[in-house]
Each structure stands twice: as structure tokens, then as C-alpha cells.
Amino acid sequence: GYRAEELIGHTAAEFMPPGEAERVRAWFRENMLPDGTFKGLEHQLIAKSGQVFWLQINGTATWDADGNRTGHRGTTRDITELKVSEARISYLATRDPLTELPNRLLFNDRLEQGTINARRSGEAVGVLFIDLDRFKNINDSLGHHVGDLLLREVSQRMSACLRGGDTIARLGGDEFVIALEHLRKAEDAAQVAEKIVRSLARPVEVAGNSLSTSCSIGISIFPEDGDDASTLMKNADTAMYHAKEKGRNNFQFFSTDMNVRAVERHKLEISLRRALENGEFVLHYQPQVAFETGAVVGAEALIRWQDPERGLIAPSGFIGVAEESGLIEPIGRWVLMEACLQTRRWQDKGLLPARVAVNISARQLRDPREFLHYVNHVLDQSGLDPRYLELEMTESLLLDNIEENAAALRRLGKLGVHIAVDDFGTGYSSLAYLKQLPIDSLKVDRTFVRDIESDPDDAAIISAVIAMAHGLKLRVTAEGVETQGQLDALRALDCDEYQGYLLSKPIPADEFAQRFLAGPALKLVR
């Protein structure tokens with residue numbers, strides 16, 4: 001952009017950014033050959049417009065008649081675009097492409113540097129491991145595009161809660177991590193975590209949807225909870241899982257007790273994998289009885305773990321770990337197959353036919369079409385008539401991906417498979433899904449049944465559920481019936497079926513057949 005007269009009489013150094021001339025001179029001292037030749041010099045110049053651009057220069061010396069070096073001649077190439085591309089590639093290599101936050105690589109580097117600085121200064125460093133609560137529900141129900149927009153908004157809100165020297169990174173999915181440097185006390189990290197929890201609790205407007213989200217945060221502190229980045233990250237992650245166990249939407253500091261629990265959880269996961277391979281799971285069955293006839297009309301299949309060392313373990317002792325580890329999928333497939341095979345074995349022996357109810361987990365229904373395929377496979381392999389199978393699903397599970405779920409469940413309904421809503425009344429307040437989904441029955445949660453004799457509100461709720469269900473031609477089953485008074489109250493409210501310890505706890509298949517399926521229909525209602 002300069003005219004010739006604006007350049008003649010000046011040196012190139014006068015047109016370089018501050019500090020660049022010194023860098024070039026140092027480069028020459030190390031790279032110029034004794035004969036004055038050089039190759040690959042790269043430096044910046046400032047155009048008359050103020051734009052900074054990059055040049056790459058190769059040169060050879062020029063000499064006068066007396067053998068004195070008078071200068072250089074050579075070739076110059078504008079490599080500005082190349083430098084911009086290299087800078088972008090370098091940026092992307094250390095950034096999350098969706099949120100443009102630092103990625104794990106850059107975060108680890110900054111955290112390591114932060115701990116080095118903290119050793120010198122005697123200050124603390126906090127690590128916050130953050131996981132969005134139930135983010136998968138949003139992704140599955142509204143699509144990944146909406147999920148991506150939510151992640152961008154969440155990252156901006158969290159960044160706004162931090163100081164200039166703090167680092168926030170996205171590790172992938174809905175996991176984020178923050179490094180807080182120059183902390184004087186652990187409570188400083190708690191204040192930041194509290195700000196983030198409050199910030200993410202506010203509804204987010206995304207693509208025309210008002211979304212509610214929350215997060216679970218685990219906190220570890222250098223040097224008390226770890227002396228290096230890897231340990232601090234691991235312990236903050238452990239604390240985050242503890243926050244999940246505490247009900248989500250909160251933060252928890254790491255403690256050594258958590259490590260003990262994490263090790264125990266890992267051992268339990270290994271044992272569960274072994275149990276699946278060795279066939280250590282068994283099914284117990286709890287009878288479901290019709291009020292009108294007093295006969296056993298169904299059996300809920302409930303899993304137990306026959307551990308060689310600890311004996312029979314109830315689901316509460318292992319289902320949580322199975323869900324976290326993903327083992328709930330193969331375990332759930334085994335339960336469905338075994339329950340159908342057992343029901344068909346009873347029928348082949350000429351025992352009283354009754355439907356079998358099987359609980360379905362969220363992971364099993366993650367891909368509705370694959371789930372439909374597997375149910376069909378189970379029915380084919382077992383030879384069980386579909387009308388003797390009932391699939392129990394919670395309200396929240398049915399609504400996670402309602403359109404695809406409805407399509408898959410309608411196809412099962414056409415085969416004759418029954419669909420029941422488990423724990424009814426404890427989930428969503430909207431009842432529109434009852435008309436959208438091919439539901440056959442509602443199971444009233446035991447929390448309402450427990451106080452039906454003494455609490456008028458519980459009795460009113462159950463009465464309303466029964467009236468609504470009958471209006472929609474749905475069957476109602478009450479869970480957790482333990483007293484004669486509860487049974488009498490449910491009968492008075494015109495409930496269709498019941499199950500609970502008043503009649504029987506879940507029992508092994510052989511005992512169930514002997515007590516409830518042998519001979520003519522048993523009259524069990526008192």
C-alpha cells in the first residue's frame with residue numbers, strides 16, 4: 001500500500017509490529033549461513049492500511065567488487081492465509097467445536113500449570129466437575145439440534161459465573177469441568193458452584209421451547225484432594241456422582257469416603273458382569289389378583305441376584321449400578337426372555353394361564369424400533385401368546401421420546417401385548433399422553449395405597465385415578481397392598497386388581513406355580 005518514495009531510505013524493521021525486528025535479528029543469528037544465504041524466514045509486516053500480514057523469504061547475499069556484502073536478493077511469498085489456517089487448526093485442536101470452550105487437552109495443560117503456580121504461592125486450586133441432569137431426555141425428545149443449542153446456552157451461563165483467570169472446558173456430551181485458581185479457601189469454590197446451580201436452574205428458551213435444566217457438581221481442592229490434574233479430575237468426578245445420588249441439582253465436595261464408595265461401586269459392577277455371564281440372576285413372581293373374581297390374573301416378574309457369597313440380593317442392592325454402567329440393558333433383555341419362557345412353561349404344564357408383567361428400563365427403550373424388534377424376537381423364541389405379556393413403564397419413560405415410543409408400542413398393542421403405566425401419579429402432571437399412547441392399565445403407586453385408610457387425600461387421589469381410568473377403559477392395579485383395611489378400601493373404590501405382601505411377597509417360580517396356578521381359579525379376595 002505504500003508508494004516507492006515512502007519506502008526508499010527506510011528499513012524493513014520500521015514496518016514490523018513491536019518486537020518483531022528483534023525476533024528476526026535473532027533468527028538471522030541462528031539460521032543465516034556464513035555466505036549470507038538463508039531460507040524460510042517468516043515474519044510479519046504492517047501494510048499502510050494497518051493490516052498485519054506474513055511473509056516467507058529466501059535470500060542470498062549480494063557483494064560489491066571488493067568482496068563486501070551489500071545486501072540480499074531473493075524471493076518473498078505472502079503466507080498470511082496459511083498462517084491464519086494454521087492458527088485456526090491450532091485453535092480447533094484445543095477447543096470444543098460446539099461451544100468453542102477449551103477441550104480436555106487444553107484444560108489439562110492449564111490445570112497442571114495452575115497447580116504448579118499454586119505450589120509456589122501456597123494458594124488452592126478448585127476443580128468443579130459438572131454434569132447436566134437428564135440432558136438425554138431433551139436430546140431424545142426434541143432432537144440433537146435443540147440439545148446442541150442448549151449446550152451452547154449452558155456454557156455461556158456457566159462462563160458468566162467465572163472470573164477472568166478461571167478455565168471452563170467441555171469434556172464431551174453434557175460434561176463440563178472448571179479450574180478455579182488463586183483460591184484462599186474451599187468456600188470460594190462453593191460460592192462459584194452455587195452461582196452455577198442457580199444460573200442453570202432458570203428456564204432456557206431454545207428453538208421455541210422453554211426448557212428446564214439443572215446440574216450436579218462435584219468439587220475437589222488442590223492440594224488436599226489430589227496433587228496432580230488427573231487425581232483432582234477423578235475425585236471431582238466421584239463427588240459429582242455423589243451429588244447425583246443426593247438428588248441432583250446440587251454440589252458436593254469430595255471426601256475420602258466417596259473414594260471407598262466408588263471402589264465398592266466398581267467392584268459391584270465387575271460382580272454384576274460376572275453374574276450375567278454365570279447366570280446368577282433369578283426371577284421371583286408376585287401375584288396380581290382381580291377383585292371381581294378373586295382369581296390370580298397376572299404375575300409381576302421381579303429380578304433377584306443369587307450371589308454365591310452374599311446370598312439373595314434384592315434389586316435395590318444392584319439396579320442403580322446396573323443403570324449407571326449400562327448393564328441394565330442386557331439384564332433387562334434376560335428378564336424379558338426368562339419371564340416369557342417361564343410363563344410358557346407354566347402353560348405347557350396345563351397350569352392356570354396368567355399374564356406376566358415385566359418392568360422396562362429407560363435404556364431398554366432408548367431405541368424404540370430396536371426394542372420392538374427384541375420383543376418380537378422374545379415372543380417368537382418363547383412361543384408365548386402376546387396377550388399374556390404386559391410391559392410396565394413409568395410415565396417419564398413413556399414421554400421421553402413420545403412419538404417414536406407411541407409408534408413402537410402401537411405395533412406391540414396390535415399383537416396383543418399389554419402396556420401398563422407403572423408408579424402412576426408420581427411422574428408427569430399432564431395426562432394427555434394417556435390418549436396418545438396405547439395404554440391398557442395404570443398401576444397406582446404404593447405411596448398412595450399405604451395411607452389410604454387414614455389419609456382422605458390419598459383415598460381421593462386413588463378414587464379420581466380409578467374414575468378417570470375407567471372412563472378411558474383402562475384397568476387399574478394397586479401396588480403395595482399390605483393390610484386388610486387397604487384391601488377393603490380399594491374394593492370400595494372399585495379398583496380392578498391388587499398385589500402386595502397381604503397376599504404374597506415375590507416368590508420363586510416353582511413356589512408361585514404351586515400356590516397360585518395349580519388347580520382351578522383360586523378365590524383369594526377376602
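This is a short talk on two sheet regions, one pocket and one cavity in a predicted model.

Some ground rules before the details. Residues are numbered from 1 along each chain as its sequence is written, and side-chain values use heavy atoms, with hydrogens and water left out. Because the model is predicted, local features need pLDDT of at least 70 and side-chain atom pairs count only at pLDDT 80 or more, while totals for chains, interfaces and linings use all residues. Helices (H or I, at least four residues) and strands (E, at least two) are DSSP runs, numbered from the N terminus.

I will start with the sheet near the beginning of the numbering. Strands E1, E2 and E3 form an open sheet in that order, with antiparallel pairing; two strands pair if DSSP finds at least two bridges between them. E1 and E3 are the edge strands, each with a single partner, so one side of each has no neighbour in the sheet. On average, neighbouring strands here are turned by 40° against each other, direction ignored; the axes are lines fitted to C-alpha atoms, for helices over the stretch in contact, and angles run from 0 to 180 degrees between N-to-C directions. Between E1 and E2 there are seven bridges, and glutamine 44 has tryptophan 54 in E2 as its bridge partner.

The second largest pocket involves these strands. A pocket is an open set of points on a 1 Å grid over the protein atoms alone, with protein on both sides within 12 Å along at least five of seven lines; a cavity is a set where a 1.4 Å probe fits but cannot get out, and lining residues have an atom within 4 Å of a point. Grid points are joined across faces, edges and corners, and a volume is the space filled by probe spheres set on the points. The volume of this pocket is about 580 Å³. It has 28 lining residues, and the closest to its centre are Ala12, Ala13, Met16, His43 and Ile57. Helix H2 (20–31) and strands E1 (38–46), E2 (52–63) and E3 (69–78) each give two or more residues to that lining. By type, the lining holds 17 nonpolar, nine polar and two charged residues. Here Ala, Val, Leu, Ile, Met, Phe, Trp, Tyr, Cys and Pro count as nonpolar, Asp, Glu, Lys and Arg as charged, and the others, Gly among them, as polar.

Next, the cavities. How many cavities of 30 Å³ or more are there? The count is two. The second largest has a volume of about 30 Å³. Helix H4 (104–121), strand E4 (124–132) and strand E6 (175–183) each supply at least two lining residues, and H4 gives the most, with four. The lining divides into three nonpolar, four polar and two charged residues. Among them are Asn117 and Glu181, which are 64 residues apart in sequence and 8.9 Å apart in space, C-alpha to C-alpha. Asparagine 117 sits in helix H4 and, at 26% relative accessibility, counts as partly exposed; buried means under 20% relative accessible area, exposed over 50%, and partly exposed in between (1.4 Å probe, protein chains only).

Last, strand E15 (residues 389–394). Five of its six residues are buried, so E15 is largely enclosed by the rest of the structure. E15 pairs in the parallel sense with E14 (residues 355–359) over four bridges, and valine 356 stands opposite leucine 389. The chain goes from E14 through helix H12 (residues 368–382) to E15 in a right-handed β-α-β crossover, meaning that, with the strands pointing away from the viewer, the path from the first strand over the helix to the second runs clockwise. E15 is also joined to E16 (residues 418–424), in parallel, by five bridges. Glutamate 390 has histidine 418 as its bridge partner in E16.
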